[in-house]
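The paragraphs below walk through a few parts of one protein model. Keep the sequence and the 3D view at hand while reading.

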Amino acid sequence: TPNAEKRVAFMYWNYPPGKEKIGASYLNVFESLQTLMRAMKDTGYNVGDRKPDAELLLKNALAYGRNVGVWAPGELDAMVKSGDAVLWPVSEYQKYFDQLPDTFRQRTLKSWGPADKTDIMVVKDPKTGEGAFVIPAIRYGNVVLLPPPTRGWEQNQEKMIHNKELAPPH
């Protein structure tokens, strides 16, 4: 079917970072995602072999599909140890970052320093020993569910309050 090759991303609320802030007030986000993904499967989208299930979606979001603050590095390590976390090598990211407009790159570097020195959602990849960004994504075939990237400023209150031109973190 024409839909089988399409790639779709759903974003769900996770602010500020942490387990307690997944979802939306008075809405059953994961029931809604289950309903959407089942309807997508019925219309030919590739949602993988697993049957979308609201309880499992929430369990996976809590296990490896959430942002983690710098104040909880053990949580980030646990996400990686689950084996389901998506890791993106900082060196690979750097290739894309280097292609961004110079003014944007300079603002980011001024606000957050070099990518290989950041601590926001970064771990040492257990397989390579290299620094890697943890992408909190739940994959179902060609569908990915994830929270918006952490804004960074909740990681550093002083930057949020005193810097009106704060760039997004790496």
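The model is a predicted one. A convenient place to begin is glycine 83, which follows helix H3 and has a positive phi, near 85°.

Stepping back into the helix itself, H3 spans residues 73-81. Three of its residues, Leu76, Met79 and Val80, are buried. Viewed down the axis of H3, the buried residues fall within an arc of 100°, so they line one face of the helix. An α-helix has 3.6 residues a turn, so residues three or four places apart point the same way. What do the buried residues of H3 pack against? Their partners are helix H2 (54-64) and three strands: E2 (86-89), E3 (122-124) and E4 (131-135).

Strand E4 also leads to the largest pocket, since it supplies three residues, the largest share of that pocket's lining. The space in this pocket is about 310 Å³. Its lining is made up of 17 residues, and those nearest the centre are Val134, Ile135, Pro149, Thr150 and His170. By class, 14 of the lining residues are nonpolar and three are polar, while none is charged.

The last stop is asparagine 3, in the segment before strand E1 (8-11). Is this residue buried or exposed? Its relative accessibility is 16%, and because the cut-off for buried is under 20%, asparagine 3 counts as buried. The side chain of asparagine 3 reaches the backbone oxygen of threonine 43 at 2.9 Å. Leaving aside residues up to four places away in sequence, asparagine 3 touches Thr43, Gly44, Tyr45 and Asn46.

Terms used:
Residues numbered from 1 in each chain as written. Predicted model: local features only at pLDDT ≥ 70, side-chain atom pairs only at ≥ 80, totals over all residues. Heavy atoms only, no water. Buried < 20%, exposed > 50% of the residue type's maximum accessible area, 1.4 Å probe, protein only. Helix = DSSP H or I, 4+ residues; strand = E, 2+ residues; numbered from the N terminus. Arc of directions from axis to C-beta. Contact = heavy atoms within 4.5 Å. 1 Å grid on protein atoms, 1.4 Å probe; cavity = no way out; pocket = protein on both sides within 12 Å on 5 of 7 lines; lining within 4 Å. Points joined across faces, edges and corners; volume = space filled by probe spheres on them. Nonpolar A, V, L, I, M, F, W, Y, C, P; charged D, E, K, R; others polar. Polar contact = N/O pair within 3.5 Å; in protein donor to acceptor, adjacent residues only side chain to side chain.
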